[in-house]
Amino acid sequence: MPPIIDVKDLCKDFRTFRRREGVWGAVQNLFVRDRITVRAVDRVSFSIERGEMVGYIGANGAGKSTTIKMLTGILVPTSGRIIANGFVPYRDRRKYTKELGVVFGQRTQLWWDIAVVESFKLLKEIYEISDHDYRQRLGVFSEILSVKDYLYTPVRKLSLGERMRCDLAAALLHNPPLLFLDEPTIGLDVVAKDHIREFLKEVNRVSRTTVLLTTHDLSDIEELCSRIIIIDRGKTLFDGQLADMKARHARYNQVKFLLKDRSQVGRLGEVTNDGVSCNRLDELTYVMRFDRAKHSTAEVIRSLVNRLEVKDIFVEEEPIEEIVKRIYITGGLSA
Amino acid sequence: MKRHLRLFALYFAQYTKVRLAYKGDFLIAFFSSMVATVLGFGFVWVLFSKIPKLQGWSFYEILFLYAFSITPLGLFNVVSWNLYEFGEQYIIQAKFDRVLLRPVSTLFQVLFERFRLESFQEVVTGLGVIYICIIKLNLKWHVSDAMWFAVMVVCGFLIYLSVFLSLTAVSFWFEDRVGIVPPVFNMLTFGRYPLTIYNDFIQFMLSWIVPFGFASFYPTTHFLGRQSFRTYFYLTPLVAIAFFTLAVAVWNRGVLNYSSTGS
């Protein structure tokens, strides 16, 4: 089976003009415009198989949203090719969007003034969902997303978390094989985040829905995606399994430990030598960080327990945020 | 087509429900719209209290013309609300993203997401005044005249829509609010008087560039039994279809040029 999303050499340029400052500048702007072309997405290629959940990450302005907007057919690419679910998104817009689910965390896709259930009824007509499927799916979503409680509330009166759940339900009402999520957990509390992640896992498991999501919260990725694509300044820096990324780009390991009592604090200096740093988390909890290439974890722990009286030890991988940050800084070259 | 009719009915019902939920707001809008219409007719009356005829046109003939110009315009006003705020709402605030994500024609969504319900009043008032004029002028109408009348109202509606749709589509290329809509909007008033009172340049403009003449003057001459613009009368459906086709083409080209803002 061909991949559900196939992107080849995708580019997007935005043409704009430099605005001069001040009143005189505004007058000049009327007559002379310095055109500048900004390349937001630069020869990005990837393909995604049916049923995959892929995290698409990058710093602000890296080109994530622009890519998503091209994938959903909102923007027309400057050059390159996208085939998604068998369609060219912008060209076959109406056929393509009929089998597509999209959620933008920043703004709702629902009608602002009308009750949630009325929005759903409109969507039922728009996507030509049969009565049977509609009732069945609404039942399922009411159950696991607990949207039942606010079905009759106008969208504008919902909290962010409630609105997000309704948006997700709305995006999946027509059971699309492909789902795009742009920052689906932005601004949500821990419970709501968890709820939404569980729901996405369930949808992916049951319907084999392909999911591409962008996020700034890397715990979303760790919870949901086995594969990530990192983009920066319009270019792909990494594309592969999350485990591979850790193996290739993680440089440090961490050993967190709890001291037996306060008398041990003074002797901490004995365990920090070259390449091993030690930071305080709270009164008795400290974390040592060391280069995996220079020290083995066993050796570090041995020297720790030999010198200090320690109550508890936890070995941790380098946090994914740190790894990703390093990939941004080095441009993906630190293999 | 059938699906779009169903959707239209749903959109309309949904919007009406929301709008009527704020009763006071709606009544004020309705009342002020009514006042504006009545004042417009009042102006024609004041004008004719000073002069007996305007280039051979009697009071009831001018009244017919005026009423004919506001009838299709009323229909246009019902659906054009989003066109006025298109640049601000849909382009700058990027609401057009959502429009593009739905498997329904973009134009359908933009026109039928909101309705200026109070403008139905203009249609009803216009038809009422035309009925009075038919009686006062002692016009003998056959069924075919009534049918032609309906066709001409639809053509007028399409002409108004085409002109303002083309202007609205300009927002796809120029993000800054374009100041071209208000002057064209003011040109609507030219269509309320016999085209022959203007100079050749304006007559040409109102026929072939901004064809408001085809939305009021040319049809009216025929209904009043004046023969001098017969060809123009029968050309009206063609002009309406041609301009509408062109406007939709410009719109669709603009959609491809849409550059959504923000993240």
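This report describes the overall build of chain A, a nonpolar surface patch and the second largest pocket in a predicted model.

## Chain A

Chain A has 335 residues, and 51% of them are buried. Its secondary structure comprises 11 helices and 13 strands. Along the principal axes, the C-alpha atoms of chain A occupy a box of roughly 70 × 60 × 50 Å.

## Nonpolar surface patch

Six side chains are named in this section. Val23(A), Trp24(A), Val27(A), Leu30(A), Phe31(A) and Val32(A) together form a nonpolar patch of about 740 Å² on the surface.

Val27(A), one of these patch residues, belongs to helix α1 of chain A, which covers residues 22-31. The relative accessible area of Val27(A) is 34%, so this residue is classed as partly exposed, a class that lies between the limits of 20% for buried and 50% for exposed.

## Second largest pocket

The second largest pocket holds about 780 Å³ of space. Its lining consists of 31 residues, and those nearest its centre are Trp111(A), Trp112(A) and Asp113(A) together with Lys95(B) and Arg98(B). In chain B, the elements that contribute two or more residues to this lining are α1 (2-21), α4 (81-84), α5 (86-92) and α6 (96-100). The greatest contribution comes from α1(B), with five residues.

Sorted by class, the lining of the second largest pocket contains 14 nonpolar residues, 10 charged residues and seven polar residues.

Note on methods
Residues are numbered from 1 along each chain as its sequence is written. Chains are lettered from A and ligands numbered from 1 in the order in which they are written. This is a predicted model: local features need pLDDT of at least 70, side-chain atom pairs count only at pLDDT 80 or more; totals for chains, interfaces and linings use all residues. Side-chain values use heavy atoms; hydrogens and water are left out. Patches are made of residues with over 30% relative accessible area and no salt bridge: like charges are joined within 9 Å, nonpolar side chains (Val, Leu, Ile, Met, Phe, Trp, Tyr) within 5 Å. Accessible areas come from the Shrake-Rupley method with a 1.4 Å probe; for residues, only the protein chains shown count as cover. A salt bridge is a side-chain nitrogen of Lys or Arg within 4 Å of a carboxyl oxygen of Asp or Glu. Helices (H or I, at least four residues) and strands (E, at least two) are DSSP runs, numbered from the N terminus. Buried means under 20% relative accessible area, exposed over 50%, partly exposed in between (1.4 Å probe, protein chains only). On a 1 Å grid over the protein atoms alone, a cavity is a set of points where a 1.4 Å probe fits but cannot get out, and a pocket is an open set with protein on both sides within 12 Å along at least five of seven lines; lining residues have an atom within 4 Å of a point. Grid points are joined across faces, edges and corners, and a volume is the space filled by probe spheres set on the points. Ala, Val, Leu, Ile, Met, Phe, Trp, Tyr, Cys and Pro count as nonpolar, Asp, Glu, Lys and Arg as charged, and the others, Gly among them, as polar.
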